[in-house]
Amino acid sequence: MSSTTDDRTSGTAGDGADTATGTADDEARRREMVAQGMVVAWWAQQRPDEPAVISTHGELTFRQLNARANQLARALRRRGLQAGDGVALLCRNRPEFVEVTAACQRAGLRLTTVNWHLTADEAGYIVGDCEAKALVADASLAEVAAGSLAGAPDCTAHLAVGGAISGFESYDAALDAEDATDIDDPSLGTSMLYTSGTTGRPKGVYRPEPATSVTANLFGYGPGDRHLCTGPLYHAAPLAFSLSIPLSHGVGVVLMDRWDAAEALRLVEAHRITHTHMVPTMFHRLLSLPEEVRTAHDLSSLRSVLHGAAPCPVTVKRQIIEWLGPIVVEYYAATEGTACIVDSATWLTRPGTVGRPPDGTVLIGDEAGNPLPAGTTGLVYMRAPKVGRFEYFKDAEKTSSTYRADGDYFTLGDVGHLDEDGFLYLTDRSANLIISGGVNIYPAEVDAVLLEHPAVGDAATIGVPDEEWGERVLAVVELQDGVAASDELATELIEHCRARLAH
């Protein structure tokens, strides 16, 4: 990817190309540590005093992060956890979140991060369903944390971060009682994240084989680089792209506690951020900042801005590339798997594409999985890997209904098409489809047009029941700061859409 790489991108965390390891024995030891989930321990040896985590809740060097991970691994074992057991983590973006991930990775534990926006009942369902033996929770989420235990009787170890929670032990006290040296029997852990889909309870995306911590250095990480984490780490994308991958290459991570467009620009300048991950709404918020705010910060350190997780309107992406330069990289992926990636230079020649998947890895098909011709809109199917295929935890029926086309491909319900050259374009999710008067309407197309209007801060288009048409289209609009809602503005927005969308 020419827009995001330099001479360092040929290396991977597994081949030592970006690390001066010295002798062959050194390299063999490093590979062994990575395979055991001890990648943080490796960087604690190589860059002990380099910042690993920077946040408003505290900072950690690689040496400190490694020590805390060892202490937590021992603390969890003391409370009865063994390799293969589950740990639930209900925590905001703070250093302890990173400590828990590192400890689980080396102790052979299965980590499930919990969305802290959930109610106690919803969080409790996940803690119980993932069969967690331990819950580590942020004291700022005390009510949800305490309430979630009602649905998880087998979760017997409870550790509170950053303060007290009724029925929980102190996280810091538990760690302080343990040895900080490297554990002598590490084993690679895994993660099981929950994806809600559109109906029913969330389901755990489970892979029986642990995920390797050896990851390709796709984004050209090197010594001195910094990554800005803009989103909540309980999400799969920030957890992977803004924590696991940077740390695997010895790159420190700056954690935002909550998204704020102006604060993000300040942090880029203050910490000389080289890499970050965002979602399209963040792009829109950045572009909506007053010109004097956008130009007040030096962003020249940025080399890679990765984005995904939602459709990005063409106008928004074009404007962000014009501002930041051809350093924007888009991926199409989900918790269940990854399909493709596209850099700025390629995207500018084919606006709207999410990339060209390798041959055979994506097909466009009908409901039964039968392939459709190029240019035809249908369901997007991704080819499952031969090894490490996901399954929905304890839900064989949902797993089997997701895999189609003789079991080699799965679909998440996304709709799109492949052009004659194999580039993928997404339309929306099938579950979001609005059928009004027999006509298919994809809300993402309406959202994209609304976001072009200067008064609109964000938009979500939905279908609502209608006796005559079956469904009618309703757009819920969040206005920009300082813009007042009025009937006149509503009419203006409708006319704005009418001039740009099929009637």
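# Exercises on a predicted protein model

An open sheet in this structure contains six strands in the order S7-S6-S5-S3-S4-S8, and their pairing is parallel. The edge strands, S7 (169-170) and S8 (190-191), each pair on one side only. The model is a predicted one. The exercises below begin with this sheet.

**Exercise 1.** Determine how many bridges join strand S4 to S8, and which residue of S8 stands opposite arginine 110.

*Solution.*
Step 1. Strand S4 covers residues 110-113, and two bridges join S4 to S8.
Step 2. The two strands run parallel.
Step 3. The residue of S8 that stands opposite arginine 110 is threonine 190.

**Exercise 2.** Identify the edge strands of the sheet S9-S10-S20 and explain why one side of each has no neighbour.

*Solution.*
Step 1. In general, strands of a sheet pair through backbone hydrogen bonds, in either a parallel or an antiparallel manner.
Step 2. The sheet in question is open, has three strands in the order S9-S10-S20, and pairs in the antiparallel sense.
Step 3. At its edges stand S9 (193-195) and S20 (391-392); each has a single partner strand, so one side of each lacks a neighbour in the sheet.
Step 4. Three antiparallel bridges connect S9 with S10, which covers residues 203-206. For tyrosine 194, the bridge partner in S10 is glycine 204.

**Exercise 3.** Compare the expected span of helix H3 with the distance between its end C-alpha atoms, and decide whether the helix is enclosed or not enclosed by the rest of the structure.

*Solution.*
Step 1. Helix H3 (residues 62-78) has 17 residues, and at 1.5 Å a residue it should span 24 Å. The expected span is 1.5 Å times one less than the number of residues.
Step 2. The end C-alpha atoms of H3 lie 24 Å apart, which agrees with the expectation.
Step 3. Of the 17 residues of H3, 12 are buried, so the helix is largely enclosed by the rest of the structure. Among the buried residues are Phe62, Leu65, Arg68 and Leu76.
Step 4. Just after H3, glycine 80 adopts a positive phi of about 100 degrees.

**Exercise 4.** Describe the surroundings of threonine 276, and state why it counts as buried.

*Solution.*
Step 1. Threonine 276 belongs to strand S13 (residues 275-278).
Step 2. Its relative accessibility is 3%. Buried means under 20%, and threonine 276 therefore counts as buried.
Step 3. Apart from neighbours within four places in sequence, threonine 276 is in contact with His227, Leu228, Thr230, Leu302, Ser304, Val305 and Leu306.
Step 4. A polar atom of the threonine 276 side chain lies 2.7 Å from the backbone oxygen of leucine 228.

**Exercise 5.** The structure holds three aromatic pairs. Classify the pair of tryptophan 116 and tyrosine 234, and then the pair of tyrosine 206 and phenylalanine 393.

*Solution.*
Step 1. The ring centres of tryptophan 116 and tyrosine 234 are 5.9 Å apart and the planes stand at 90 degrees, so this pair is edge-to-face.
Step 2. This pair links distant parts of the chain, 118 residues apart: tryptophan 116 lies in the loop between S4 and helix H5 (120-129), and tyrosine 234 in the loop between strand S11 (226-229) and helix H8 (236-248). Both tryptophan 116 and tyrosine 234 are buried.
Step 3. For tyrosine 206 and phenylalanine 393, the ring centres are 5.4 Å apart with planes at 65 degrees, so this pair is also edge-to-face.
Step 4. Tyrosine 206 lies in strand S10, whereas phenylalanine 393 lies in the loop between S20 and helix H14 (396-402), 187 residues apart. Tyrosine 206 and phenylalanine 393 are both buried.

How values were computed. Residues numbered from 1 in each chain as written. Predicted model: local features only at pLDDT ≥ 70, side-chain atom pairs only at ≥ 80, totals over all residues. Heavy atoms only, no water. Pairing = 2+ DSSP bridges. Helix = DSSP H or I, 4+ residues; strand = E, 2+ residues; numbered from the N terminus. Buried < 20%, exposed > 50% of the residue type's maximum accessible area, 1.4 Å probe, protein only. Polar contact = N/O pair within 3.5 Å; in protein donor to acceptor, adjacent residues only side chain to side chain. Contact = heavy atoms within 4.5 Å. Phe/Tyr/Trp six-rings, centres within 6.5 Å; stacked < 30°, edge-to-face > 60°.
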